[in-house]
Amino acid sequence: MNERELYQKKAQAKLDEWKAELDKLKAQASSASADKQLELNRHIDDLDAKIEQSERKLEELSNSSEESWESIKQGFESAWTTLKGSFKDAADKFK
């Protein structure tokens, strides 16, 4: 397996992990008070959108040519950094 394939596998595994974490956050939000639920659902919606964006970028990365791979990888890493920060922020809200 080459570097590109390993990178994609690692990224997909982390996305799957974050999806599972998002499911846990959804369960937590459903047991919160109505006001808190509204706030938490906004964070959940934001995370959901960012996960979808990262999945699209990963798909784009998977379908890229060797020549464009590095450029697309940078876009993916930018989306990745945003998603990671959003998960940290959301986790703080759920405490």
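1. Let's start with the pairing of α1 and α3 in this predicted model. Their axes come within 12 Å and cross at roughly 25°. With angles under 35 degrees counting as roughly parallel, α1 and α3 are therefore roughly parallel to each other. The crossing in which α1 passes α3 is left-handed.

2. You may like to trace this contact residue by residue. On the α1 side are E3, R4, Y7, Q8, A11, K14, L15, W18, E21, L22 and L25, and they meet E66, W69, K73, F76, E77, W80, L83, K84 and F87 of α3. Sorted by class, the contact of α1 with α3 has 11 nonpolar, 1 polar and 8 charged residues.

3. Next, the other partner of α1. The axes of helix α1 (residues 3-30) and helix α2 (residues 34-62) cross at roughly 165° and come within 10 Å. That makes α1 roughly antiparallel to α2, since angles over 145 degrees count that way. The α1 and α2 crossing is left-handed. In this contact, 13 residues are nonpolar, 7 are polar and 5 are charged.

4. A word on the two helices themselves. From first C-alpha to last, α1 reaches 41 Å with its 28 residues, close to the 40 Å expected at 1.5 Å a residue. Helix α2, with 29 residues, reaches 41 Å, close to the 42 Å expected for it.

5. Which residues of α1 are buried? They are R4, Y7, Q8, A11, L15, W18, L22, L25 and A29. What covers them includes α2 and α3 (66-93). Do note that R4 and Q8 are in this buried set, and that R4 and Q8 are also among the α1 residues that meet α3.

6. Helix α2 deserves the same look. Its buried residues include L40, I44, L47, K50, I51, S54, L58 and L61. The buried residues of α2 pack against α1 and α3. You will find K50 and S54 in that buried list alongside leucines and isoleucines.

7. Finally, a residue worth clicking on: L83, which is found in helix α3. Is L83 buried or exposed? L83 is buried, because its relative accessible area is 0%, and under 20% counts as buried. Leaving aside residues up to four places away in sequence, L83 touches L15, W18, L47, K50, I51 and S54. Of these, L15 and W18 are buried residues of α1, while L47, K50, I51 and S54 are buried in α2. As for L61, another buried residue of α2, L83 and L61 are 22 residues apart in sequence and 17 Å apart in space, C-alpha to C-alpha.

How values were computed
Residues numbered from 1 in each chain as written. Predicted model: local features only at pLDDT ≥ 70, side-chain atom pairs only at ≥ 80, totals over all residues. Heavy atoms only, no water. Axes fitted to C-alpha atoms, helices over the stretch in contact; angles between N-to-C directions. Helix = DSSP H or I, 4+ residues; strand = E, 2+ residues; numbered from the N terminus. Parallel < 35°, antiparallel > 145°, perpendicular 65-115°, else oblique. Left-handed = near helix turned anticlockwise from the far one by under 90°. Nonpolar A, V, L, I, M, F, W, Y, C, P; charged D, E, K, R; others polar. Expected span 1.5 Å × (residues − 1). Buried < 20%, exposed > 50% of the residue type's maximum accessible area, 1.4 Å probe, protein only. Contact = heavy atoms within 4.5 Å.
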